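Biologist: I am new to this structure, and I would like a close look at a single part, the place where the ligand is held. Could you take me through the surroundings of the ligand step by step?

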Amino acid sequence: MASTVILIGFMGTGKSAVGSYLARGLGWNFFDADIQIEKRMGMPVAEVFEKHGEDTFRTAEAAVVTGLLDKAASSREGTVVSLGGGAVTVPEIARRLRHEPLVIMLDEDLETAFKRAGGGTRPLAGDLDSFRRLFEDRQELYRQLAGYVIDTRGKEIREVSDAVAMIIGAGEGD
Ligand code: S3P
């Protein structure tokens, strides 16, 4: 059976950039859950929050992520999936992740994550204080669900991607 790698972690930890780089290098399929949610809802994530609220976004996120994981599980090709930072807080998604062998957390410091993700259009990344609160609240959950944690501090996308590839290689030998 082909492998599925799932990248989790807070906003601004590089999940999408690393996921697409890694998938390209491996010749695997790549899905960014947020982009798939945008396709499903027909509007950007920020607009879903604004017009319909976070609960609607999370419901769509659960459907999209479970759908992507089903598709990956039945595919003959390898798949990399990058999840949004809050996906782990959705019980249906968390339950699914507990059965996946290659859930990898990208771990970055708060300041760097905020520099990358803060102040833009992301609905939950407007100001540093609330960003910090969410960051702290979720750390334990990421670690509970991840089989592996990669410290991305000071690393290039390529280096983080190489670290994920090493983990996959190690898993395949089992
Ligand atoms: C969110 C993270 C975002 C996106 C949405 C909510 C969160 O994804 O799903 O804005 O709750 O942390 P990224 O982690 O890709 O920014």
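Modeller: In this predicted model, a good place to begin is G86, where a backbone N or O atom lies 3.2 Å from an oxygen atom of the ligand. Side chains reach oxygen atoms of the ligand as well: a polar side-chain atom of D34 lies 2.7 Å from one, and an N or O atom in the side chain of R138 is 2.6 Å from an oxygen atom of the ligand. Taken on its own, the ligand has 390 Å² of accessible area, and the protein covers 96% of that. Around the ligand there are 13 residues, of which D34, R58, G85, R122 and R138 come nearest, and this shell divides into 5 nonpolar, 3 polar and 5 charged residues.

Stepping back from the contacts, the ligand sits in the largest pocket, which has a volume of about 520 Å³. This pocket is lined by 30 residues, and those closest to its centre are M11, D34, G84, G85 and R122, so named here that they can be found in the view above. Two or more residues of the lining come from each of the helices α1 (15-26), α2 (33-41), α3 (45-52), α4 (54-74) and α6 (110-117). By character, the lining of the largest pocket divides into 12 nonpolar, 9 polar and 9 charged residues.

Notes:
Residues are numbered from 1 along each chain as its sequence is written. This is a predicted model: local features need pLDDT of at least 70, side-chain atom pairs count only at pLDDT 80 or more; totals for chains, interfaces and linings use all residues. Side-chain values use heavy atoms; hydrogens and water are left out. A residue is near a molecule or strand if one of its heavy atoms lies within 4 Å of it. A polar contact is a pair of N or O atoms within 3.5 Å; within protein, one must be able to donate a hydrogen and the other to accept it, and residues adjacent in sequence count only if both atoms are side-chain atoms. Accessible areas come from the Shrake-Rupley method with a 1.4 Å probe; for residues, only the protein chains shown count as cover. On a 1 Å grid over the protein atoms alone, a cavity is a set of points where a 1.4 Å probe fits but cannot get out, and a pocket is an open set with protein on both sides within 12 Å along at least five of seven lines; lining residues have an atom within 4 Å of a point. A molecule sits in a cavity or pocket if more than half of its atoms lie within 2 Å of its grid points. Ala, Val, Leu, Ile, Met, Phe, Trp, Tyr, Cys and Pro count as nonpolar, Asp, Glu, Lys and Arg as charged, and the others, Gly among them, as polar. Grid points are joined across faces, edges and corners, and a volume is the space filled by probe spheres set on the points. Helices (H or I, at least four residues) and strands (E, at least two) are DSSP runs, numbered from the N terminus.
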